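Open your viewer and keep the selection tool handy. We will go stop by stop, and each stop tells you what to pick next.

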2 protein chains.
Amino acid sequence: MSEQRDRAQVDVSLLLRRLTVELDAVGQRFARAQGLNRTDVRALVAIMDAARSGEPLTAGRLGEAVELASASTTALLDRLERVGHLRRVRDEEDRRRVVLEMSEPTMAAGAEHFGGLQRDLAAGMAGYSDEELALVARFLRDMTDVAGRYARTTDRPDAPG
Amino acid sequence: MSEQRDRAQVDVSLLLRRLTVELDAVGQRFARAQGLNRTDVRALVAIMDAARSGEPLTAGRLGEAVELASASTTALLDRLERVGHLRRVRDEEDRRRVVLEMSEPTMAAGAEHFGGLQRDLAAGMAGYSDEELALVARFLRDMTDVAGRYARTTDRPDAPG
DNA sequence: TGATTCGTCTCGATCGTCGAGAGATCTCAC
DNA sequence: GTGAGATCTCTCGACGATCGAGACGAATCA
């Protein structure tokens with residue numbers, strides 16, 4: 001493996017990091033505009049994603065998704081519900097559970113903000129052919145897999161076995 | 001623009017978001033391992049990046065980088081300094097300023113953790129030719145620019161111009 | 001030298017997060 | 001059915017991260 005090749009790989013790694021920083025800033029901006037904090041936005045995004053996939057989130061699942069303790073999840077939902085970003089609805093099938101429904105205005109605001117980003121991103125992709133885009137997609141999937149595996153690896157450097 | 005093309009672009013956008021989530025989780029994992037919170041890790045990364053670029057951060061610049069008020073930045077530095085992750089050093093040129101130096105162990109831990117990720121990412125890139133990697137790099141740069149511009153756009157929907 | 005600006009820190013208050021545990025509901029063996 | 005235990009969410013009290021306002025020393029400039 002040549003030095004130049006090594007360098008290219010490191011460059012791409014750094015580019016991935018820079019990209020995540022910028023995309024994070026977009027979420028941050030949405031948060032400020034809505035008077036929310038980072039966690040709130042992560043939660044709303046998770047709820048929106050779940051709704052889109054047709055499998056609405058419950059309080060507990062949301063807590064897992066955003067890695068929050070149950071008490072914190074309750075507080076989070078209280079905040080979001082109080083300002084009208086979502087509704088809590090008792091699940092009729094399992095009445096212990098609470099399913100989360102985003103409000104229309106919030107859904108619209110999210111679509112406005114993140115849809116705008118998506119539009120800009122799509123515009124930025126205009127210069128790429130279908131084949132190039134397919135390659136990029138494959139690459140992103142690969143890197144996501146790698147990162148996901150790495151994040152979930154139990155690699156405690158200090159702890160034994 | 002065909003529907004298939006539209007779909008491909010949306011797919012890539014979603015892939016970008018999934019990737020950021022996974023990469024974020026890697027940072028999260030490092031945070032837990034070191035007993036830090038998200039902000040602390042962002043700060044350490046910013047300090048490390050600055051040090052690498054040969055232009056060490058000051059307290060104020062760090063505050064800007066992680067978007068924290070000055071009082072919060074002071075508290076952040078107190079935390080990190082107390083557990084030995086960095087040192088505050090008075091700038092001799094401008095004695096109002098405080099420049100930040102990361103400790104060796106923390107630098108090593110960071111290199112261990114994020115270096116490991118970088119190794120895995122590089123391994124994941126093995127299947128791509130130099131030309132393909134160059135294309136990916138160009139794409140990532142483009143998307144980073146778009147996201148950066150979008151994040152910095154003043155598009156307050158409510159506030160007047 | 002005095003006035004002003006700049007960079008950081010202190011103070012008090014607010015809000016997000018957590019662990020522990022309560023209460024309601026579901027599951028399952030009997 | 002009924003009771004035991006698991007599951008899901010919420011309440012409570014405590015802690016910590018963040019903030020705005022303002023103090024203080026240091027630099028700048030007239």
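How many residues does H1(A) have, and how far does H1(A) reach from its first C-alpha to its last? Select H1(A) and you have 32 residues reaching 47 Å, close to the 46 Å expected at 1.5 Å a residue; that expected span is 1.5 Å times one less than the number of residues. Helices here are DSSP runs (H or I, at least four residues), numbered from the N terminus. Step just past the end of H1(A) to Gly35(A), where phi is positive, near 70 degrees.

**Before you go further**

This is a predicted model, in which local features need pLDDT of at least 70 and side-chain atom pairs count only at pLDDT 80 or more, while totals for chains, interfaces and linings use all residues. Residues are numbered from 1 along each chain as its sequence is written, and chains are lettered from A and ligands numbered from 1 in the order in which they are written.

**Colour by confidence**

Colour chain A by pLDDT, the predictor's confidence in each residue from 0 to 100. Chain A averages 91, and 94% of the residues score at least 70. Among the elements of chain A, H1(A) has the lowest mean pLDDT (91), whereas H4(A) has the highest (97). Now pick residues 155-161 of chain A: here the pLDDT is below 50, and beyond near neighbours in sequence this stretch has one contact in the model. Where pLDDT is low, the predicted coordinates should not be read in detail.

**Domains of chain A**

Next, give a colour each to domain 1 (1-34), domain 2 (37-102) and domain 3 (104-154) of chain A; these bounds come from an automatic or database domain assignment. The C-alpha centres of domain 1 and domain 3 of chain A lie 13 Å apart. Four residues of domain 1 of chain A are in contact with four of domain 3 of chain A (contact: C-beta atoms, placed from the backbone, within 7 Å).

**Where the chains meet**

Show chain B beside chain A. In this interface, 46 residues of chain B are in contact with 46 residues of chain A. On the chain B side, H1 (3-34), H5 (104-124) and H6 (130-152) each supply at least two residues, and H1(B) gives the most, with 18.

Try superposing the copies: a rotation of 180 degrees with 0.0 Å of shift along its axis places chain B on chain A, at an RMSD of 0.1 Å (least squares on the C-alpha atoms of residues with pLDDT of at least 70 in both). The two copies are thus related as by a two-fold rotation axis. Click on Thr20(B), whose C-alpha at 2.6 Å comes closest to that axis among the residues of chain B.

**Along the DNA**

Which residues are closest to DNA strand C? Ala71(A), Ser72(A), Thr58(B), Gly60(B) and Ala71(B) are the closest of the 24 residues that surround DNA strand C; a residue is near a strand if its C-beta atom, placed from the backbone, lies within 6 Å of it. H4(A) gives the most to this surface, with six residues.

Finally, select DNA strand D, also surrounded by 24 residues, the closest being Thr58(A), Gly60(A), Ala71(B), Ser72(B) and Arg95(B). H4(B) provides the largest share of the surface near DNA strand D, six residues.

How values were computed
Two residues are in contact if their C-beta atoms, placed from the backbone, lie within 7 Å.
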